[in-house]
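Subject: Structure for you to look at

Hi,

Here is the structure I promised to pass on. Have a look at it first, then read my notes underneath with the viewer open.

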Amino acid sequence: MSSFEPAGRLQARLPDLLSEIAVPRIPDYTDDVLAVTAATRQRPRWTFPERWLPVILARQRLMAPMIPWRLLTALLAILALVAAGLFIAGSRPHVPPPFGPARNGAIVFDKGGDVFVRNALDAQPSLVVGGPGDDFATGFTRDGRHITFLRRTAGTEGSSDERIDGFMANLDGSDPVDLTGPLIAPNWWDESPDGAVMVVHAVNPKLPQFLGDDNRSKLYVVDVRHPGTVRPMGLPLLSEMVPSFRGPDGSEIVFRGRELVGSDSESAIYAVHVDGTGLRRLTPLGNGNDDYLQPLLSPDGTFVTYTVWRTAVGGHEIHVRNLVTGEDRLVSDPTLDEGYGTFSPDGSRITYVRYTDGHNQIMVLGLAPGSKPYAAGPSYPAVGGQYVSGYFSPDGRYVYVNDSGSSETRLVDAMTGGDGQVLPWASHGFGWQRLAP
Amino acid sequence: VDQRSLVERAGEGDHDAFAALVRGSIARLDAAARLILRDPELARDAVQEALVQAWRDLPGLRDPDRFDAWIHRITIRSCLTILRRRRRRVIEVELTPTADVPTPDAGSHVVDRDQVERALHQLDPGMRAVVVAHFFLDQPLPEVAAALGIPLGTAKSRLHRSLQTMRAEMAADARPDALELHRGQLA
């Protein structure tokens with residue numbers, strides 16, 4: 001019998017004994033370590049959009065890749081018909097295809113915690129959701145008959161007690177419905193082509209907070225017809241994030257996941273059906289922290305663009321991978337720090353961020369061999385923690401650029417680039433409705 | 001200056017703030033790494049890699065109040081990564097001369113410490129990491145499980161088995177004829 005019986009005494013003394021065994025002291029290599037860190041480039045905060053940011057990315061995601069919408073004009077037409085006393089029964093809105101190019105429609109944006117709609121870029125705005133709620137991340141549903149937005153229902157932005165609900169309302173803001181209930185950091189969501197289901201990545205509150213949002217993120221499914229709760233997909237992975245429905249039929253959800261390999265985590269891009277069946281890897285496994293960041297699909301579902309953090313040089317690179325053949329192509333300049341691509345509606349180009357000398361710059365690159373990138377919008381100073389984003393308009397003719405540091409949004413010609421036009425009313429960017437071509 | 005402010009400043013690129021954080025935590029991180037790895041040079045490598053990663057990724061830390069738990073987790077994982085890289089190498093354990101082996105004495109504090117040290121060394125690194133994270137770094141078991149990437153139940157069972165193993169080793173150690181068994185043992 002050891003001197004530690006009865007049971008429990010060992011545990012009680014272990015903390016002190018371990019301290020005696022290891023004798024914590026400032027090691028003589030402390031200055032060496034600090035010299036190494038001082039010479040190491042810190043990863044810019046904007047490169048953590050999946051992990052640190054509670055809302056802004058969602059704001060942008062909801063603006064751009066929320067792909068198909070039914071017509072706002074359909075509603076207006078119906079109202080006109082009612083006003084004229086004409087029959088309306090049987091009229092059905094003409095909707096765009098769920099993936100691919102569409103015609104530019106109405107604009108929805110947030111300002112001061114309220115939601116506004118413009119029928120065109122130069123039209124007068126209409127307040128559609130006001131009141132004390134802090135609403136943001138505006139967009140449209142795929143059927144075009146509703147707007148979507150997030151509402152902060154508890155805590156403050158970025159705090160551990162922050163809770164955010166996903167809402168849907170009519171185009172005039174009436175009949176708002178809380179789709180999700182309170183979520184932690186719902187940083188990304190996408191809607192099925194038929195509009196029946198939304199899939200969102202949000203933090204699982206059962207996992208320890210210190211892990212950070214990315215390690216706690218899991219996929220949840222929202223049944224739009226039975227709103228108010230979310231259903232965990234329950235996938236056998238450590239974490240899941242950045243879900244998108246895959247075209248052309250939307251039968252699969254593609255996302256970035258991490259799984260346990262030995263005692264370490266590795267990442268890959270995965271596909272799964274919305275009911276949780278058919279989980280499969282679409283890529284080889286990579287580093288859990290650094291590979292397959294923000295995978296986004298081409299509209300036809302053939303290609304995915306993703307970003308890799310290169311530790312050795314302290315920068316990013318952008319890949320485009322053919323999910324059918326497995327061909328993987330580096331499309332960014334290997335001498336530069338470039339990341340986070342987003343496809344154009346026809347899949348022929350991407351926008352991405354170039355990070356140089358403390359500045360953020362949106363670039364456009366054609367994916368045909370020999371294409372040269374060009375700038376869309378000015379080069380913005382990288383204000384601590386802020387970043388710039390750029391997305392194509394539904395018809396692909398424009399890139400709208402938002403710099404969260406300066407709260408500036410610009411509209412830039414997607415074919416020629418340049419500084420474009422400032423949209424002073426859209427400090428947080430905006431969502432653009434897709435109309436049938 | 002409170003730690004939260006330092007973490008926030010360090011996350012915005014203030015290396016002096018990061019240096020202050022490091023000086024406040026590196027002794028414990030180094031000790032934890034030495035307990036897990038049983039090799040001061042490996043511990044140095046693990047702590048250095050952990051701190052470089054921490055500096056690099058600090059802008060992504062969402063809650064500054066969780067810095068301690070976050071840096072502990074990074075360090076534990078760094079230790080296990082280093083072990084995995086070197087798993088094919090046998091780590092030589094410095095032998096304690098026979099003359100220095102204390103005579104077992106159930107009432108001796110020195111015996112307790114040495115017995116615990118030898119018992120700890122009998123654990124595999126994954127189990128040692130659980131013990132060190134929980135009892136030395138004072139991490140709750142759910143956080144230990146998450147740090148090691150294992151289910152909570154596995155962490156609980158590893159801790160239970162670790163303590164059982166340590167008790168058994170110490171019981172054997174307490175018998176004079178068992179002393180020779182520990183000499184020349186390899187990790």
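Let's start with A:Asp134, which is partly exposed, at a relative accessible area of 31%. It falls in that class because the value lies between the 20% and 50% cut-offs. Keep in mind that this is a predicted model, and that the percentages and distances here are computed from it.

What does A:Asp134 form a salt bridge with? Its partner is A:Arg152, and the closest N and O atoms of the two are 2.3 Å apart. The pair links distant parts of the chain: A:Asp134 belongs to strand E4 (residues 134–140) of chain A, while A:Arg152 belongs to strand E5 (residues 146–154) of chain A, 18 residues apart. A:Arg152 has a relative accessible area of 13%, so A:Arg152 is buried.

Now click on A:Asp135. The side chain of A:Asp135 meets that of A:Arg151 in a salt bridge, at 2.6 Å from N to O. Here too distant parts of the chain are linked, with A:Asp135 in strand E4 and A:Arg151 in strand E5 of chain A, 16 residues apart. Are these two buried or exposed? A:Asp135 is buried, with a relative accessible area of 0%, and A:Arg151 counts as buried at 19%. That 19% still makes the class because buried means under 20%.

Over in chain B, try B:Asp30 and B:Arg34. Their side chains meet in a salt bridge of 2.8 Å, N to O. Both residues sit in helix H2 (residues 15–37) of chain B, and because they are 4 residues apart there, about one helical turn separates them. Both B:Asp30 and B:Arg34 are buried.

Chain B also has something a bit busier: a network of salt bridges that links B:Arg4, B:Glu8, B:Asp63 and B:Asp65. If you feel like counting, the total over all chains comes to 23 salt bridges.

One last thing to find is a sheet in chain A. It is an open sheet of 4 strands, in the order E26-E27-E28-E29, with antiparallel pairing. Which strands are at the edges? They are strand E26 (388–392) and strand E29 (421–422) of chain A, since each pairs on one side only. E26(A) is joined to strand E27 (residues 398–403) of chain A by 5 bridges, and the two run antiparallel. To see the pairing up close, look for A:Ser389, which stands opposite A:Asn402 in E27(A).

Shout if you get stuck!

Cheers

Methods
Residues numbered from 1 in each chain as written. Chains lettered and ligands numbered in written order. Predicted model: local features only at pLDDT ≥ 70, side-chain atom pairs only at ≥ 80, totals over all residues. Heavy atoms only, no water. Salt bridge = Lys/Arg side-chain N within 4 Å of Asp/Glu carboxyl O. Buried < 20%, exposed > 50% of the residue type's maximum accessible area, 1.4 Å probe, protein only. Pairing = 2+ DSSP bridges.
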